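Trainee: I would like to test some labels against their cut-offs. Can we go through them one by one?

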Amino acid sequence: MTPEQFRELIAPVTRSVQGKALDVKLETELNAAWPANGAAFRGIFEACKQAVASGWMCNREAGGIKFGRVIKPGPETQGFSVDVVDMTDLKGPHHRHPNGEIDMIMPLDSAAKFDGRGAGWMVYGPNSAHSPTVSDGRALVLYLLPQGAIEFTK
């Protein structure tokens, strides 16, 4: 799996959310269209695991969190950036989502949760904020940010 192949793999997801409000309705749509037990979700999850193992995804580390921007916002992803974090039982840095955030939660340990949720999709609306938290094990979390916008608080 190369970065270019990964961009092609995630592009159908970004096309499906293009122009939609980041809200609970979109979260419901994503979980129906790309269910955690579905082939497409599992394919993205496997690609992330391979990319982490090969060293080009989550290739930075701070505070026990492995992370990295995989794709900068651009036309191939309808203006969304793609970032992936690898976290185990910890709370990450507080930040705000000026334009919202779409999270794909991929538990590596079956009981692992991200912000209290297991495998699947979670959507934070514009101007939301949180301290991302993984509990009950290890998880990868892929997040889509419109225009790559994120503001870390001090």
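Mentor: We will take fold, size, burial and cysteines in turn. Keep in mind that this is a predicted model.

Trainee: What elements does the protein have, and how do they run?

Mentor: The protein has three helices and ten strands. From the N terminus on, the order is α-α-α-β-β-β-β-β-β-β-β-β-β.

Trainee: How do you know that the radius of gyration agrees with a compact globule?

Mentor: For 154 residues, a compact globule would come near 15 Å. The protein has 14 Å, so the value agrees. The C-alpha atoms fill a box of roughly 35 × 35 × 25 Å along the principal axes.

Trainee: What share of the residues counts as buried?

Mentor: Of the 154 residues, 46% do. The accessible surface is about 7300 Å², with 52% belonging to carbon and sulfur atoms.

Trainee: Why is cysteine 48 called buried?

Mentor: Buried means under 20% relative accessible area. Cysteine 48 has 0%, so the label holds.

Trainee: What makes cysteine 58 count as buried?

Mentor: The cut-off is again under 20%. Cysteine 58 is at 8% relative accessibility, therefore it counts as buried.

Trainee: Why is there no bond between the sulfurs of cysteine 48 and cysteine 58?

Mentor: A disulfide needs two cysteine sulfur atoms within 2.5 Å. The closest cysteine sulfur to that of cysteine 48 is in cysteine 58, 7.6 Å away, so the gap is too far for a bond. Cysteine 58 is in no disulfide either. The count for the protein is zero disulfides.

Trainee: How many charged side chains are there?

Mentor: There are 16 positive and 17 negative ones. The centres of the two sets lie 2 Å apart.

How values were computed
Residues are numbered from 1 along each chain as its sequence is written. This is a predicted model: local features need pLDDT of at least 70, side-chain atom pairs count only at pLDDT 80 or more; totals for chains, interfaces and linings use all residues. Side-chain values use heavy atoms; hydrogens and water are left out. Helices (H or I, at least four residues) and strands (E, at least two) are DSSP runs, numbered from the N terminus. The radius of gyration is taken over C-alpha atoms; the globule rule is 2.2 Å times the number of residues to the power 0.38. Buried means under 20% relative accessible area, exposed over 50%, partly exposed in between (1.4 Å probe, protein chains only). Accessible areas come from the Shrake-Rupley method with a 1.4 Å probe; for residues, only the protein chains shown count as cover. Lys and Arg count as positive and Asp and Glu as negative; His and the chain ends are not counted. The place of a charge is taken as NZ of Lys, CZ of Arg, CG of Asp or CD of Glu.
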